[in-house]
Amino acid sequence: MVRHTYREMKNELFTSAYQRIRARLIARARAIVVSDDEAKDVIQDAFCNLWSRNPKVEQETQAEALFTTAVKNLSIDVVRRRNTRKTTTLEDNLEMPDTTDEEWQETYDRVERIAALHLSERDRMILFRRDRDEWSFEDIAESYGTTPANARVIVARARKTIRNIYLGNDKKRTT
């Protein structure tokens with residue numbers, strides 16, 4: 001008589017449940033991430049994550065529920081990662097080929113006017129310290145009595161405000 005350990009039985013149960021509902025898992029992932037390749041990657045990641053976590057599972061229905069939840073959550077994570085954007089400077093978003101010094105000065109003056117009208121004094125100074133004076137976030141934090149993380153947030157929000165107004169994506173547009 002062959003005796004199986006709990007781990008071997010659990011592994012068989014997991015593998016059996018995975019193989020039985022694999023097509024459903026791919027369909028569920030594809031509905032969220034859209035791409036077939038990403039969907040297959042997601043279900044493989046879910047399987048590996050659950051396998052290594054070694055949850056206590058005694059029935060296939062429990063394994064199915066774990067797989068379904070893991071696939072949904074990992075699919076959402078993939079979409080979120082895809083949609084996150086790195087904060088960029090205003091110059092990175094402008095396409096200004098062959099710009100003269102005079103045109104750059106006009107752009108700079110317009111950005112300064114937008115900052116003066118739409119940012120608080122503190123936020124404007126923090127933004128200028130970072131972008132114009134090239135201060136580190138640690139120096140800004142020390143100078144303004146905040147944390148480096150908060151200084152990053154202030155700079156990112158200030159840039160976004162200026163960018164939206166400059167590009168005409170904001171109701172408070174100025175010229």
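Visitor: In what order do the elements of the protein run, from the N terminus on?

Guide: Keep in mind that this is a predicted model. Starting at the N terminus, the elements run α-α-α-α-α-α-α-α. Put as a count, the protein has 8 helices and 0 strands.

Visitor: And how much of the protein counts as buried?

Guide: Of its 175 residues, 33% count as buried. There is also a figure for contacts along the chain. Take the contacts between residues at least 6 apart in sequence: 66% of them join residues at least 24 apart.

Visitor: Okay, helices next. How do I read the packing of two helices?

Guide: Here's the general idea: two packed helices are described by the angle between their axes and the distance between the axes. Let's try that on helix 7, residues 137-144, and helix 8, residues 148-166. Their axes come within 8 Å and cross at roughly 100 degrees. Angles of 65 to 115 degrees count as roughly perpendicular, so helix 7 is roughly perpendicular to helix 8.

Visitor: Which residues of helix 7 and helix 8 meet?

Guide: From helix 7 you have F137, E138, I140 and A141, and they meet P148, A151, R152 and V155 of helix 8. Sorted by class, the residues of this contact are 6 nonpolar, no polar and 2 charged.

Visitor: Can we do another pair, to practise?

Guide: Sure, look at helix 5, residues 101-118, against helix 8. The two pack at an angle of about 115 degrees, and their axes are 10 Å apart. As for handedness, helix 5 passes helix 8 in a right-handed crossing. On the helix 5 side, the contact is made by T107, R110, V111, I114, A115 and H118. Helix 8 brings T161, I162, I165 and Y166. By class, that contact has 6 nonpolar, 3 polar and 1 charged residues.

Visitor: Now charges. What's the idea behind a salt bridge?

Guide: In general, side chains of opposite charge can pair when their charged atoms come close.

Visitor: How many salt bridges does the structure hold?

Guide: The structure holds 10 salt bridges. R20 is a good place to start. Its side chain meets that of E60 in a salt bridge, at 2.8 Å from N to O. This pair links distant parts of the chain, with R20 in helix 1 (residues 6-33) and E60 in helix 3 (residues 60-83), 40 residues apart. R20 also meets E64 in a salt bridge, at 2.0 Å from N to O. Again distant parts of the chain are linked: R20 is in helix 1, E64 is in helix 3, and they are 44 residues apart.

Visitor: Are R20, E60 and E64 buried or exposed?

Guide: Take them one by one. R20 is partly exposed because its relative accessibility is 48%. E60 also counts as partly exposed, at 25%. E64 is buried, because its relative accessible area is 15% and the cut-off for buried is under 20%.

Visitor: What about D36, which residue does it form a salt bridge with?

Guide: D36 forms one with R30, and the closest N and O atoms are 2.3 Å apart. D36 is partly exposed at 41% relative accessible area, and R30 is partly exposed at 35%. Elsewhere, salt bridges that share partners join R20, R24, E60 and E64 into one network.

Visitor: Somebody told me to check phi angles too. What should I look for?

Guide: The general rule is that most residues other than glycine have a negative phi. Now look at V34: this residue is not a glycine, yet has a positive phi of about 75 degrees. V34 lies in the loop between helix 1 and helix 2 (36-53), and V34 is exposed, with a relative accessible area of 63%.

Visitor: Where does E134 lie?

Guide: E134 lies in the loop between helix 6 and helix 7. Its phi is positive too, about 60 degrees, although E134 is not a glycine. At 68% relative accessibility, E134 counts as exposed.

Visitor: One last residue, R124. Is R124 buried or exposed?

Guide: R124 is buried, because its relative accessible area is 13% and anything under 20% counts as buried. You'll find R124 in helix 6, residues 121-131. Leaving out residues up to four places away in sequence, R124 touches A115, A116 and L119.

Technical notes:
Residues numbered from 1 in each chain as written. Predicted model: local features only at pLDDT ≥ 70, side-chain atom pairs only at ≥ 80, totals over all residues. Heavy atoms only, no water. Helix = DSSP H or I, 4+ residues; strand = E, 2+ residues; numbered from the N terminus. Buried < 20%, exposed > 50% of the residue type's maximum accessible area, 1.4 Å probe, protein only. Contact = heavy atoms within 4.5 Å. Axes fitted to C-alpha atoms, helices over the stretch in contact; angles between N-to-C directions. Parallel < 35°, antiparallel > 145°, perpendicular 65-115°, else oblique. Nonpolar A, V, L, I, M, F, W, Y, C, P; charged D, E, K, R; others polar. Left-handed = near helix turned anticlockwise from the far one by under 90°. Salt bridge = Lys/Arg side-chain N within 4 Å of Asp/Glu carboxyl O.
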